[in-house]
There are 4 protein chains.
Amino acid sequence: MKVGILGVTGNAGAELARLLLKHPEFELSEVSGRSEAGKKMVDVFPYLHQYELTIQPEIGEADLFFSALPHKSSAEVCGPLVKRGKKVVDLSADFRLSDRAVYEETYQVTHPHPELLEKAVYGLPELRGPEVAATSLVGNPGCYPTASVLALAPAICAGLASPRIIIDAKSGVSGAGRTPTMTTNYIEINENTHAYSVDGHRHEPEIVQELDRLRPRGIKPIQTTFVPHLVPMTRGILANCYTAAIQQVNQAQLFELYREFYRDKLFVQVVERPPETKWTYGNNMVYVMPHYHERSANLILMAAEDNLGKGAAGQAIQNANLMCGLPEELGLDIGAVYP
Amino acid sequence: MKVGILGVTGNAGAELARLLLKHPEFELSEVSGRSEAGKKMVDVFPYLHQYELTIQPEIGEADLFFSALPHKSSAEVCGPLVKRGKKVVDLSADFRLSDRAVYEETYQVTHPHPELLEKAVYGLPELRGPEVAATSLVGNPGCYPTASVLALAPAICAGLASPRIIIDAKSGVSGAGRTPTMTTNYIEINENTHAYSVDGHRHEPEIVQELDRLRPRGIKPIQTTFVPHLVPMTRGILANCYTAAIQQVNQAQLFELYREFYRDKLFVQVVERPPETKWTYGNNMVYVMPHYHERSANLILMAAEDNLGKGAAGQAIQNANLMCGLPEELGLDIGAVYP
Amino acid sequence: MKVGILGVTGNAGAELARLLLKHPEFELSEVSGRSEAGKKMVDVFPYLHQYELTIQPEIGEADLFFSALPHKSSAEVCGPLVKRGKKVVDLSADFRLSDRAVYEETYQVTHPHPELLEKAVYGLPELRGPEVAATSLVGNPGCYPTASVLALAPAICAGLASPRIIIDAKSGVSGAGRTPTMTTNYIEINENTHAYSVDGHRHEPEIVQELDRLRPRGIKPIQTTFVPHLVPMTRGILANCYTAAIQQVNQAQLFELYREFYRDKLFVQVVERPPETKWTYGNNMVYVMPHYHERSANLILMAAEDNLGKGAAGQAIQNANLMCGLPEELGLDIGAVYP
Amino acid sequence: MKVGILGVTGNAGAELARLLLKHPEFELSEVSGRSEAGKKMVDVFPYLHQYELTIQPEIGEADLFFSALPHKSSAEVCGPLVKRGKKVVDLSADFRLSDRAVYEETYQVTHPHPELLEKAVYGLPELRGPEVAATSLVGNPGCYPTASVLALAPAICAGLASPRIIIDAKSGVSGAGRTPTMTTNYIEINENTHAYSVDGHRHEPEIVQELDRLRPRGIKPIQTTFVPHLVPMTRGILANCYTAAIQQVNQAQLFELYREFYRDKLFVQVVERPPETKWTYGNNMVYVMPHYHERSANLILMAAEDNLGKGAAGQAIQNANLMCGLPEELGLDIGAVYP
């Protein structure tokens, strides 16, 4: 099947191109990217020299499209493609939030295609697999929400966790995009760690939306305090979620709950020691450790992923596989490039 | 004044030696270090070639000693020195906890000199300056407690913060000591971030001890959920403390409270954007940002320091300065080696 | 086909296990590793959790073995396997040097199976492909020699390069093995670069051996000044080779010579800008740039590779593919995990 | 004495400001920086919060100026200052090359003040101390030339080294300036090493100029093949110089030659193991190791420095100290921030 990448020149776009090199069913047949249009792929990405494609200003021939365009631009381009019957996995935020008002307030733009929001599925296959398989438009989750929601889902579902949740998340620098900025310059971020967006990050409404769908009747709405950090590494997100246990539980029961919840989920592994981001380098895994902190009766729910893998491009391919009736793991790695 | 370093071969010992190169009043006259005894300083630390000292198995002639020995060994060596009238700044945990039982349970050893615990002062000069100045035995705080306590102190003192506190702390690798281990090997920790000791870290009782001293009547005992992390950098600690505001407050009042609390404290700077560990590289500063998260009514209290500076050797020299009647900043840097 | 890994617990052994996860023809059926014998693979390598293997003290059932054991131990174990008709790719130095005396002087040990040296083929498939395909015992090249020989081979073969060669090579830390040492400890090597073994590195005789085979009649024996460096990265080798041009040449001719030499070699890409080690992260590529420095009439011949990929485990699988009559690229990546 | 910094917003300018915090005789009284003019120092450099200065578009009141402006702009600003009797240390290339034609060809600009070239002294105090002390205009050496010339000087002076020299130099990223670019973006350079400017770097003529001054009669002009590299670290340069020994020498004689040459030079330390860039982190040292490679009769001459320290701002202060009749080491560190 022919696939195209819209916006190949960013980090998620390039990671999609890398993963598609190894995909047995998808053939990358066209790529777009405004800033580098006209250049050959090999000139922009020397490590992807196998592709003989030239970056186009616009594309539209393939059967399925991954969009790694910025929000709003993405919906503008994806809308017509969907209407022409193409399958689309949109890695921007445009089709993640089902409530148009929340989207417009969060991103401070007018949604170009609100009529498609109903059709769009939030592409977290471990929670929404059948819906993904049945749609032609997926809003691919953000990197932080993927880790955070997967860390919290079993405890929220079981009514075990208080809806007042603190999420302290640490991200590698590739999450900030490929364009150089003062914040992402080597000399500024090497040997440095700091928080940012302490007053609210755009990914927070996604987390709330997905967890609210899972909370049992009688549990109050989810309320998050989400603090993202930049740490000096290229790839990787570690999300630590803290919340009070609101039922009696012990560590063994907690592990059992999580193992049961993710039984048969190939890309989520429940582990008994704090997960390390490096275990996910270059693959499509999320490692989750639920911990019951006895003295405080708090839950510490940790998840590690590659922000470009399960947090972006890997998950996009997992979604595309499902949308095409293929095994979800096709072309995706489980082993990490470690050390 | 002649000073000695017990255990110069670890990270804190070496940092003490580096700082003493520039101290106008303290002259490093002797150093000990069992593993490297007999070697010249320059052979172990080529970047400290100015010292012509040889590492001794034991020392005891100087007027003031910094001990960077492991816990228990440290008290065994420092006890007799104190009794001989020497001033001692102990960087181990041996004289930090005033309650012998807490110490012995935390470190799983018998205290070699419990009779000195009463004399010992917890050496956090911003909170205990006059006591430090009056004693001859200081228990120099741990790296995590220094950042955590300074981040929380004003809010706890003011009765503004709930005593149920979550601390998510990130540390550079030098905090794990100078001896190579699998955890601290470059290829394991580079491009990696993970939590450790999620069930309780030895520094936690110090944090509780110091905050409990500050809480107003009527506030329940402090109860922490402390989760330390290793991030891929050499130096630096960022401690993020989360707790509910239990009084009405706004952001402006919170800044004002913190600025007032740390007025005249040269080494604590209250800032209005998330502090970065790199601002403290090689110096003796702590940067603190208190943030009021309106939607959740939570406080996010952040502090950044160099774990070997204000978190260990720098603070030890600050304490020694006070104990000797010198200006507390003597020989210490405020500017960071940045970038 | 069933394959085994001898010494799975080092970096090359673990990389072999990672690559074999994706190999369509080789099934990893047994692994050995003395230090961790008795443990499950997942307990030592959490990011390889798909394997249900237990690490054995000894193995011998598979059809083909990769040995990542230390030199001498490796030949002791591989010798009997070869004699029992097994195919062996030995990643140690034991079967790289065809001259027993050179081996014994370089490694300061007695060769356990000198009688096998004649059978052994130096496994650099781009230069020795047919020989590799015909043997059952391959001495897999060292990481530095792979890059250095591939950078120099075309110029040496053509009689263009003086045999007096300076090689300034930079390696990531994983080349130093998985066992923690002071040199490889994060805090020592991060933000650090230095040379080592300036008086001679064990890989030098391999480089001389292979280049001497290529030099035309009339060119004097190869004489190298090889200086390896450690740079603060996990993976990657960059070898810069400097030598005088001894024939007239220009840049265009030099490119043409190299392109022609490596035509049809899938894993060697000749490029026109200085190759970057990151282009090879996790893959089996070598990027080579030959440069003619006009003012000095020197050749600057550069090659970049992943020291664990083409420099070790990837090349071992490439060799094994050839030994088994499979396409050499089976199971190996060309795209890099970048950024 | 009042000093000013022209162009404080780059890496060298900020390092000057950091070092001046600790200088006992120089008081930083004014700073300029076009891009950030009007801002307070603390808003641009939070880790330099002690300064209450505002960045000005232009300055001119101080007695001595450090210029960290770009080449050409620097001479335009410094020229009038020198003519008004101010002392100037220019960190740009404008007053390094005594031959106007070489400067203009190298930098492809017209020199704004060629009439000052005669007055200007190349500020490498270990080789030109008395000249520096006697002038009011110093061209502060480039980072690569400082390390390269100091590594080579004793061997060239003694007529021991062939004038055909290969220099393979490795630099941390701060040498590329403070402005973010694709090359210096964290995700591009972390875990990466590569050469650049293989056909000629602007620093090469300085190296040739200074070494040509030192070569004995009868030795042919210096001819360099200089290849700079970017390695993933913030600070540090390692320059490895390779050349043939043209006299008989042994290792002991070589050490003796170097030790004698640098006797009494506080900031050059001759060492017997390969120097590490980290030994110079934040200080003003150069560590030099001369090595005689017996088999090839080559000299391997290595030098490590902090590119912002002895390679830029530290050396500028050393020069300013000499120009003002102060001890050259005033305000400069010898101990490194290590680890």
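Here are a few friendly pointers for finding your way around this predicted model.

1. **How two of the chains relate.** A good place to begin is with chains A and B. A turn of 180° with a shift of 0.0 Å along the axis lays chain A on chain B, and the RMSD is 0.0 Å. That is the relation of a two-fold axis. If you would like a landmark, look for Pro232(A): within chain A, its C-alpha is the one nearest the axis, at 3.2 Å. The two copies use the same surface, as 100% of the contact residues of chain A recur in chain B.

2. **The sheet in chain A.** Next, find the open sheet of 7 strands, which has mixed pairing and the order E9-E10-E8-E11-E14-E13-E12. Its edge strands are E9 (194-195) and E12 (268-270), each of which pairs on one side only. The partner of E12(A) is E13(A), residues 286-293; these two run in the parallel sense and share 3 bridges. To see where they line up, look at Gln269(A), which stands opposite Tyr287(A).

3. **Helices on the sheet.** Helix H6 of chain A (residues 143-157) packs on this sheet and touches several strands, including E8 (164-171), E10 (223-230) and E11 (237-244). The direction of H6 makes about 140° with that of E14(A). Helix H9 of chain A (residues 251-261) lies across E12, E13 and E14, and runs at about 155° to E13(A).

4. **Salt bridges between distant parts of the sequence.** Over all chains there are 84 salt bridges. One of them joins Lys22(B) and Asp333(B), with the closest N and O atoms 2.8 Å apart. Lys22(B) sits in the loop between H1 and E2 of chain B and Asp333(B) in the segment after H10, so the pair ties together parts 311 residues apart in sequence. Lys22(B) is partly exposed at 26% relative accessibility, while Asp333(B) is buried at 10%.

5. **A pair around Arg235.** In chain D, Arg235(D) and Glu15(D) form a salt bridge with a closest N to O distance of 2.6 Å. The loop between E10 and E11 holds Arg235(D) and helix H1 holds Glu15(D), so this pair ties together parts 220 residues apart in sequence. Both residues are buried. In chain A, a network of salt bridges links Glu15(A), Arg18(A), Arg235(A) and Asp306(A).

6. **A pair within one helix.** Finally, Arg213(C) and Glu210(C) meet in a salt bridge of 3.9 Å. Both lie in helix H8 of chain C, 3 residues apart, or about one turn of the helix. Arg213(C) is partly exposed at 46%, whereas Glu210(C) is buried at 2%.

Note on methods
Residues are numbered from 1 along each chain as its sequence is written. Chains are lettered from A and ligands numbered from 1 in the order in which they are written. This is a predicted model: local features need pLDDT of at least 70, side-chain atom pairs count only at pLDDT 80 or more; totals for chains, interfaces and linings use all residues. Side-chain values use heavy atoms; hydrogens and water are left out. Copies are superposed by least squares on the C-alpha atoms of residues with pLDDT of at least 70 in both. Contact means heavy atoms within 4.5 Å. Two strands pair if DSSP finds at least two bridges between them. Helices (H or I, at least four residues) and strands (E, at least two) are DSSP runs, numbered from the N terminus. Axes are lines fitted to C-alpha atoms, for helices over the stretch in contact, and angles run from 0 to 180 degrees between N-to-C directions. A salt bridge is a side-chain nitrogen of Lys or Arg within 4 Å of a carboxyl oxygen of Asp or Glu. Buried means under 20% relative accessible area, exposed over 50%, partly exposed in between (1.4 Å probe, protein chains only).
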